[in-house]
Amino acid sequence: MTMSKDIDPIVMAVPAAPLSKRRKGSLAWLLNVRLAIGLAILLIMGLGSLILPFFATVDPSIQSSFMRNMPPSAAHWLGTNSLGQDIFWFLVFAIRNSLALGVLVACGVTLVATIVGLSAGYIGGRFERFVMLIVDTFITIPLLPILIILGALIRGNTSFFTVGIIIIIFGWAWDARTVRSMALSLREREFINMARFSGANTMQIIAREIFPYVSAYMVVGFINVVLFAINTEATLAVIGLSKVEVPTLGSIIFWALNYNALFTGQYVWLVAPIIATVTLFLGLFLTSTGFNQAFASKRGVS
Amino acid sequence: MGVLRYVAKRIGLYLAVLFIGLTITFMLPRLMPINPVDGYIGQLQSRANGTLTSEAIAEMRTNLEQLYGLNGNVFTQYVSYLKRVVVDFDFGPSFTYYPQPVSAMILNALPWTLGLLLTATFIAWVLGNMVGLVAGYFHKKRAASILEFLGILLYPIPYYILAITLLLLLAYIFPVFPLSPTFPVGQMTPEKLGMIFYNSLLPGITLVLAGFGWNILSMKALAVATTEEPYVTYARLKGASNWTRMMRYVFRNALLPQVTALALSLGMVFNGALLTEMIFSYPGIGLIMRTAATGGDYNVLYGAITLSIIAVATAGLVIDLIYPLLDPRIRHK
């Protein structure tokens with residue numbers, strides 16, 4: 001049965017068609033279901049949370065702006081909470097702040113991880129073993145207890161920005177490990193040697209040979225760090241150890257839990273951020289796996 | 001020979017992790033702009049409505065510094081810290097529950113955390129790998145993508161969202177479980193044990209669900225890759241049944257990276273357990289840490305974090321030492 005399938009002309013023809021399409025240099029190969037859904041979610045939430053705040057009449061982090069505990073209405077789409085804040089606007093600002101923090105941390109982590117990983121991979125020897133020991137230690141040490149201590153020590157005196165820096169300091173290790181293994185495998189690849197023997201200098205090799213190869217992983221890694229950073233800050237905020245006055249996806253849940261939204265029946269206060277978080281995380285995750293899939297199929301073709 | 005070298009290397013890493021971890025814990029409060037002793041004195045003073053004289057405060061400061069090993073230069077402090085922590089497992093008394101020693105508090109909470117964490121991780125790992133194996137082995141079938149979809153849906157959801165959603169669903173909308181569970185202490189009776197088990201179900205389910213998604217996705221990817229290996233084709237041509245191929249050929253080989261991944265992700269699993277305990281008021285290390293963090297009880301925090309580092313590093317070591325038993329290639333190298 002398998003034999004006949006292999007020589008079936010129709011089956012043979014199917015992979016040939018997208019191949020010729022892809023060669024035209026269009027970006028069509030990038031499209032797959034996951035990526036499309038993921039990007040759509042990110043685009044809507046990202047642009048929405050970026051543009052909407054310009055139309056906000058009141059800063060949602062200020063307490064007692066409105067009547068308390070109002071149900072959803074035309075004026076307050078998701079109602080108001082026990083602190084007299086508009087839940088909808090608090091949520092919009094929360095998504096914006098969380099995303100901004102995630103992108104900031106991801107930039108920092110990518111920078112540190114690339115420097116550490118590349119230097120370890122290319123220098124090698126004792127230096128590499130020492131660096132990898134530190135990296136493995138940082139991966140092994142449970143992050144949350146350290147963050148809890150830090151949170152308890154600097155609580156009240158911290159800015160939202162500092163929280164981001166702290167997450168960078170303790171979050172770069174996993175990525176550094178990936179970059180280093182990539183560097184190791186690239187060092188041995190034929191096409192790099194080929195380029196070198198053809199007379200390309202180091203800058204050209206990095207720009208034309210290594211970067212296209214590495215960029216796919218960098219995009220995926222970057223998105224994963226955004227996920228990690230938003231999650232970590234939110235986790236700290238939920239237990240009250242981040243800057244909870246700043247609206248984030250975690251701090252909104254912190255306030256809801258603190259004011260016993262569950263017992264007082266204020267569903268919206270809790271359910272809205274839960275739905276927003278799940279949607280955002282799903283969007284980020286689908287984008288990252290979608291990219292992975294797209295790049296994998298592209299590599300398979302070329 | 002290969003095994004000895006592997007074990008030696010692994011133990012070396014273990015010691016390094018412990019050393020660096022403990023050093024970070026030691027350095028953290030000293031790099032911070034805030035002095036815990038100042039904080040504590042401030043707390044006492046506000047409780048005494050500022051009636052403390054400056055002599056009394058100075059005396060208290062020397063006492064506290066002695067108690068917490070803050071005198072001498074940084075190096076002597078470091079040596080005595082390591083000795084106290086590693087040799088005596090002594091973190092001094094708790095601020096909040098003075099004079100109860102921190103080590104006793106932590107050792108009381110440890111069985112709770114371990115019980116919940118080990119059970120949940122084990123169930124999540126076994127179930128997740130099974131589902132992932134089926135999804136990966138039959139990846140060309142439509143039904144398999146539904147299984148994978150389950151993983152995609154579960155994996156990116158953070159622990160605290162899972163925990164709160166479960167609480168909302170199973171304790172509020174469908175009141176199957178209590179909203180604020182109680183965990184009886186003291187002499188254990190069958191009823192008490194039943195109650196503990198019942199109240200542990202919700203945090204347990206949270207942890208299982210959280211670990212489940214990741215295991216499905218990574219096992220699926222591994223199983224897909226392994227299914228393409230020539231030895232699986234060989235087994236098929238040889239006439240081995242689907243079941244034999246899936247379990248003995250694909251599963252055994254795809255399992256190895258999963259074991260390594262488990263060892264690497266233990267820290268994260270532990271983080272999740274701590275958080276789940278905090279949200280469900282489950283009386284483990286996580287809850288102790290939360291109470292200590294809000295009350296500024298630094299001794300308890302240091303005890304808990306030191307124990308966390310030791311526990312996670314040791315568990316990783318144990319898994320890595322079991323590894324050669326699973327992978328004959330290391331034994332025969």
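## Exercises on a predicted two-chain model

**Exercise 1. State how many helices and strands chain A holds, and then do the same for chain B.**

Solution. Chain A comes to twelve helices and zero strands, where helices (H or I, at least four residues) and strands (E, at least two) are DSSP runs numbered from the N terminus. This is a predicted model, in which local features need pLDDT of at least 70 and side-chain atom pairs count only at pLDDT 80 or more, while totals for chains, interfaces and linings use all residues. Residues are numbered from 1 along each chain as its sequence is written, and chains are lettered from A and ligands numbered from 1 in the order in which they are written. Turning to chain B, one finds 13 helices and zero strands.

**Exercise 2. Describe what share of each chain is buried, and how far apart in sequence the contacting residues are.**

Solution. The first step is to fix the term: a residue is buried if 20 or more other C-beta atoms lie within 10 Å of its own, exposed if 12 or fewer, and partly exposed in between, with C-beta atoms placed from the backbone. On this basis, buried residues make up 39% of the 302 residues in chain A, and 37% of the 333 residues of chain B.

The second step concerns contacts, which are pairs of residues whose C-beta atoms, placed from the backbone, lie within 7 Å. Taking contacts between residues at least 6 apart in sequence, 70% of those in chain A join residues at least 24 apart, and for chain B the value is 74%.

**Exercise 3. Work out which residues and helices of chain A form its side of the contact with chain B.**

Solution. The contact draws 37 residues from chain A and 41 residues from chain B. On the chain A side, at least two residues each are supplied by helix H5 (125-140), helix H6 (143-154), helix H10 (202-238) and helix H12 (267-301). The largest share of that side, eleven residues, is given by H6(A). Sorted by class, the side of chain A that touches chain B has 29 nonpolar, seven polar and one charged residues; here Ala, Val, Leu, Ile, Met, Phe, Trp, Tyr, Cys and Pro count as nonpolar, Asp, Glu, Lys and Arg as charged, and the others, Gly among them, as polar.

**Exercise 4. Characterise how H6(A) and H10(B) cross, and name the residues that make the contact.**

Solution. Two packed helices are described by the angle between their axes and the distance between the axes. The axes of H6(A) and H10(B) come within 7 Å and cross at roughly 55 degrees, the axes being lines fitted to C-alpha atoms, for helices over the stretch in contact, with angles that run from 0 to 180 degrees between N-to-C directions. H6(A) and H10(B) are therefore oblique to each other, since angles under 35 degrees count as roughly parallel, over 145 as roughly antiparallel, 65 to 115 as roughly perpendicular and the rest as oblique. The contact is made by Leu143(A), Leu144(A) and Pro145(A) on H6(A), and by Gly267(B), Asn271(B), Leu274(B) and Leu275(B) on H10(B). Its classes are five nonpolar, two polar and no charged residues.

**Exercise 5. Identify the residues that touch the most other members of the largest nonpolar core, and list the neighbours of Ala304(B).**

Solution. A nonpolar core is a set of buried Ala, Val, Leu, Ile, Met, Phe, Trp, Tyr and Cys residues joined through C-beta atoms within 7 Å. In the largest one, which has 143 residues, Ile288(B), Leu301(B) and Ala304(B) touch the most other members. Helix H10 (residues 242-280) of chain B gives the most to this core, with 17 residues. If residues up to four places away in sequence are not counted, Ala304(B) touches Pro145(A), Ile106(B), Ile285(B), Ile288(B), Met289(B) and Ala292(B).

**Exercise 6. Place Asn260(A) and Ser281(B), and give the phi and exposure of each.**

Solution. Asn260(A) lies in the loop between helix H11 (249-258) and H12 of chain A. Its phi is near 50 degrees, a positive value in a residue other than glycine. Asn260(A) counts as exposed because it has 12 C-beta neighbours inside 10 Å.

Ser281(B) is in the loop between H10 and helix H11 (285-295) of chain B, and its phi is likewise near 50 degrees. With 15 C-beta neighbours inside 10 Å, Ser281(B) counts as partly exposed.

Key: Two residues are in contact if their C-beta atoms, placed from the backbone, lie within 7 Å.
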